Amino acid sequence: MKVVAAGNDVKQHGPERKIIMAPEIQTPVIQWPDANSGGLEGATSDKVPTEIQYYGNGYTWGFQIGESGQRHQWFKLGLDPTNARDTSDLAVKYPDRNAAPPAYGRTPEELVTDYLTALRIHAERVLRHKLPESALDSTPVEYVITTPAVWSDRAQAATRLCAQQAGMGTGSNLHVITEPEAAAMYALDAMDPHNIKVGDTFVLCDAGGGTVDLIS
């Protein structure tokens, strides 16, 4: 089984997303389409900007978006209106002239669904590049989506629905877990061997620019 994990990482300079493919060894996706290439020869980065820009009946995303033109940012946070926040002082003092206004013609659900669709298509392209077609056809693929720990059940359900509509599967083939859970699993695997045993307690701090989770 091959697991494709897509997680948000909201940093001070803007939201980003990371894809990790984990059959047995975690393999981050670092090649992304850019404005000049729609394949695997574009930008090289361990994360891709969570931005989307519409034109006519289509859209560009991530590194495909140029330096000019309005684009949607921070739209993931719109899935949980119970945690709505006022605009930060920095955002007011240093506005992004390219950022589309909130709810600019599309709902957060539509934006997240379109963005996850682009992520899925790219992940499948990477899988086809790394695996023989016969192996890919016979290998079950499961997607794991991460959300902030403070999100409500409603927001997590909205995230799952967006992922389903983006073609990432249904039922047991699609998982929604909290970001601290994913971070802990990744850290424990990366630290192996470690001295943590069953029954031990540890504190995990998952700090980004948009949400900070402190879990024990």
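Here is a chat about a predicted model of one protein chain.

Some ground rules come first: residues are numbered from 1 along the chain as its sequence is written. In this predicted model, local features need pLDDT of at least 70 and side-chain atom pairs count only at pLDDT 80 or more, while totals for chains, interfaces and linings use all residues; side-chain values use heavy atoms, with hydrogens and water left out.

Visitor: Where in the chain is confidence highest, and where is it lowest?
Guide: The score here is pLDDT, the predictor's confidence in each residue, from 0 to 100. The chain averages 79, and 76% of the residues score at least 70. Where pLDDT is low, the predicted coordinates should not be read in detail. Confidence is highest in H4, at 94, and lowest in strand S1 (residues 2-11), at a mean of 51.

Visitor: How many helices and strands does the chain have?
Guide: Helices (H or I, at least four residues) and strands (E, at least two) are DSSP runs, numbered from the N terminus. Counted that way, the chain has 5 helices and 12 strands.

Visitor: What share of the chain's residues counts as buried?
Guide: Buried means under 20% relative accessible area, exposed means over 50%, and partly exposed is in between, with a 1.4 Å probe and protein chains only. Of the 216 residues, the buried share is 40%.

Visitor: Which element gives the most residues to the largest nonpolar core?
Guide: A nonpolar core is a set of buried Ala, Val, Leu, Ile, Met, Phe, Trp, Tyr and Cys residues joined through side-chain atoms within 4.5 Å. This one has 28 residues, and Trp61, Leu116, Leu119 and Met168 touch the most other members. Elements giving two or more residues include strand S7 (52-55), strand S9 (141-147) and helix H4 (153-165). The top giver, with 8 residues, is H2.

Visitor: Why do the buried residues of H4 sit on the same side?
Guide: The buried ones in H4 are Ala155, Ala158, Thr159, Cys162 and Ala163. They share a side because they cover only a small arc around the axis, going by the directions from the helix axis to the C-beta atoms. That arc is 135°.

Visitor: Which exposed residues are on the face of H4 turned away from its buried side?
Guide: Start with the buried side, where the cover includes H2, S9 and S10, counting contact as heavy atoms within 4.5 Å. The face turned away carries the exposed residues Asp153, Arg154 and Gln165.

Visitor: What span should H5 have, going by its 13 residues?
Guide: The expected span of a helix is 1.5 Å times one less than its number of residues. For helix H5 (residues 179-191), the end C-alpha atoms are 18 Å apart, which agrees with the expected 18 Å.

Visitor: Which residues of H5 are buried, and what arc do they cover?
Guide: The buried ones are Glu179, Pro180 and Ala184. They lie on the same side of H5 because they cover an arc of only 130°.

Visitor: Is Trp74 buried, exposed or partly exposed?
Guide: Trp74 is in the loop between strand S8 (58-61) and helix H1 (89-93). Its phi is near 60°, a positive value in a residue other than glycine. Most residues other than glycine have a negative phi. At 34% relative accessibility, Trp74 counts as partly exposed.

Visitor: How many Å apart in space are Val144 and Ala182?
Guide: Val144 lies in strand S9, and at 13% relative accessibility Val144 counts as buried. Val144 and Ala182 are 38 residues apart in sequence, and their C-alpha to C-alpha distance is 9.2 Å.
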